[in-house]
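Reader: I'd like a close look at one part of this model, and then a walk outward from there. Here is what I have on screen.

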Amino acid sequence: METNRSANIGAKSDKTALLGIEGVGSQTVFSQPHTITITNRTQKRIKLTVESPSNQFSFSLSQNTMISGESIDISVSTNKSSEVSGTITFVAESIENGTDIEAARQLRLSGTSELPTRCLFTQNQGAKLQTITSGGSSSEVNITTLLTETDVRAIGASRVDFDTDSTSDAVFQRKGSDSISLIDSDDQGNARKLDTGSIIPRVQKTQMTTGSFDGSEKSVFYVSSGEIYALNETTSSSPKKIASPENGAQAVAGIGDIDGDDTDELIFVDGSQTIRYVKPQDDTRTTFASTEVAAGSSNNVGIGAPADFTGDGTASVPIVDGSNRVVLLGPNGVRQVLIGGSTNQAAKSPVAASDIDDDGTVEVVYIRNGGEEELRSVDTDGTVVSLTTSTGEIIPADKKRGVTVVG
Ligand SMILES: [Ca+2]
Ligand SMILES: [Ca+2]
Ligand SMILES: [Ca+2]
């Protein structure tokens with residue numbers, strides 16, 4: 001099959017002008033979503049297939065058949081956080097007879113994705129699963145309660161929309177369950193359960209994450225008995241073992257390119273709270289690369305999903321260290337200390353890198369240590385803000401669950 005197709009490319013390349021292709025092939029770096037327009041210049045009705053051989057791009061076609069003279073728009077996007085350059089192949093097949101046209105074009109796309117602007121947390125003892133979004137000023141936020149009267153044991157970081165209803169799904173665990181729950185992050189609704197089978201999730205001092213790692217389907221990544229597993233909602237298969245670190249695993253923080261090599265790492269907290277990461281080519285059982293920095297651990301572990309704080313395409317991992325400082329980590333250790341000292345301290349609990357004031361740059365949202373256990377944010381200039389409701393009240397949060405990014 002593949003051999004025949006390759007032969008056809010050469011034989012039929014003179015026909016590519018019959019596919020009017022606009023919006024690719026130049027050295028321009030486009031921003032996403034980028035639109036490519038295809039015009040059917042043949043005399044036949046054709047069926048169009050668009051592919052990204054290296055899986056860098058995804059496509060949305062309004063329709064895939066075109067009558068003679070008709071044009072369609074293709075929306076192209078990428079889930080990379082940096083600039084992506086790659087090949088797109090277009091295959092047009094005539095429905096009435098066997099003729100086909102195949103064309104390959106280069107595209108450069110800026111993969112800077114929309115910043116997350118929502119955080120997930122619970123009230124005391126896991127009651128009330130709630131989110132906050134920007135309320136339009138540096139300190140004011142809007143609160144949405146997703147679930148009331150539930151005993152939430154652990155929460156996760158998630159920017160994935162598993163059920164493709166255009167709302168990303170929050171991930172959490174309920175008391176006494178051998179499953180992981182998902183719920184749309186912007187409204188009160190019904191939670192969905194993912195069956196973990198015999199690979200029962202860790203429920204205390206832990207964190208989950210969602211996403212795609214090393215070409216996997218979009219999955220929930222979680223810890224069970226010191227190992228890291230991926231569970232996919234749609235394939236209903238058993239959890240897949242991703243890593244069995246030699247000194248264990250406690251929390252999965254997130255997926256991101258922390259060393260700037262254009263591939264994503266899976267960041268986790270090992271059995272001694274040291275922050276390590278899995279590279280796509282790693283064996284399942286090894287020690288894994290270490291940042292040589294440990295997350296603070298008391299009520300939970302102080303770590304959050306990686307995010308691009310500077311807009312250069314490389315992510316940093318926000319953590320709360322053993323001295324209750326909020327710092328940003330790279331693969332070789334601390335990149336920046338955001339807060340430290342005795343006056344401003346963060347609880348040793350999950351944190352969320354999010355643009356919670358909606359000004360286009362990322363802050364770290366955390367739970368205050370000492371005094372009221374309230375949600376605060378700190379930006380890369382070290383400015384600390386106490387988040388409040390529209391009536392000026394603080395937002396209480398539970399240190400055992402922490403705060404995570406969602407949406
Ligand atoms: Ca959804
Ligand atoms: Ca990387
Ligand atoms: Ca911001």
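Leaving aside its neighbours within four places in sequence, which residues is Cys119 in contact with? Start there, please, and then take me through the surroundings.

Author: Happy to, and keep in mind that this is a predicted model. Leaving out anything within four places in sequence, Cys119 is in contact with Thr131, Ile132, Ala352, Ser354, Ile356, Val365, Val403, Thr404, Val405 and Val406. One of those partners, Val403, shares a distinction with Cys119: along with Val326 and Tyr366, these two touch the most other members of the largest nonpolar core, which has 81 residues. The largest share of that core comes from strand β21 (residues 249-256), which supplies five residues. There is also a second core, separate from the big one, with 17 residues, including Leu19, Ile36, Val76 and Leu109.

Now for the domains. The chain is divided into domain 1 (2-110) and domain 2 (118-405). The C-alpha centres of the two domains lie 38 Å apart. As for where they touch, four residues of domain 1 are in contact with six residues of domain 2. On the domain 1 side of that contact you'll find no nonpolar residues, three polar ones and one charged one.

Let's follow β21 next, since it feeds the largest core with five residues. It belongs to an open sheet of four strands, ordered β21-β22-β23-β24, with antiparallel pairing. β21 and β24 (289-294) stand at the edges with a single partner strand each, so each has one side without a neighbour in the sheet. From one strand to the next, the twist averages 25 degrees. β21 runs antiparallel to β22, and six bridges join the two. If you want a spot to zoom in on, Ile255 stands opposite Leu266 in β22.

Stay in this sheet for a moment and look at the loop between β22 (265-270) and β23 (274-278), where Gln273 lies. Gln273 has a positive phi of about 70 degrees although it is not a glycine. As background, most residues other than glycine have a negative phi. Gln273 is also buried, because 21 other C-beta atoms lie within 10 Å, and 20 or more is the cut-off for that label. Asn55 makes a nice counterpart: its phi is near 60 degrees, again a positive value in a residue other than glycine. Asn55 sits in the loop between β4 (46-51) and β5 (58-61). Here, though, the residue is exposed, with 12 other C-beta atoms within 10 Å.

There's another open sheet to look at, this one with eight strands in the order β16-β15-β14-β13-β17-β18-β19-β20 and mixed pairing. Its edges are β16 (192-195) and β20 (240-243); each has a single partner strand, so one side of each is left without a neighbour in the sheet. The twist here averages 35 degrees from one strand to the next.

Within that order, have a look at β13 (residues 152-157), which is mostly covered, with six of its six residues buried. On one flank, β13 pairs with β14 (residues 169-174) in the antiparallel sense over three bridges, and Ala154 stands opposite Gln173 in β14. With β17, β13 pairs in the parallel sense over two bridges, and there Ala157 stands opposite Thr209 in β17. Thr209 then gives you a stepping stone to the next strand, because it also stands opposite Phe221 in β18. That pairing, between β17 (residues 208-211) and β18 (residues 219-224), is antiparallel over three bridges.

One last stop is Val385, which is in strand β31 (residues 384-386). Val385 counts as partly exposed, since it has 18 C-beta neighbours inside 10 Å. Not counting residues up to four places away in sequence, Val385 touches Ser138, Ser139, Arg376 and Ser377. To place it against the sheet we just left, measure across to Val152: the C-alpha atoms of Val385 and Val152 are separated by 27 Å, and the two residues are 233 apart along the chain.

Note on methods:
Residues are numbered from 1 along each chain as its sequence is written. Chains are lettered from A and ligands numbered from 1 in the order in which they are written. This is a predicted model: local features need pLDDT of at least 70, side-chain atom pairs count only at pLDDT 80 or more; totals for chains, interfaces and linings use all residues. Axes are lines fitted to C-alpha atoms, for helices over the stretch in contact, and angles run from 0 to 180 degrees between N-to-C directions. Domain bounds come from an automatic or database domain assignment. Two residues are in contact if their C-beta atoms, placed from the backbone, lie within 7 Å. Ala, Val, Leu, Ile, Met, Phe, Trp, Tyr, Cys and Pro count as nonpolar, Asp, Glu, Lys and Arg as charged, and the others, Gly among them, as polar. A nonpolar core is a set of buried Ala, Val, Leu, Ile, Met, Phe, Trp, Tyr and Cys residues joined through C-beta atoms within 7 Å.
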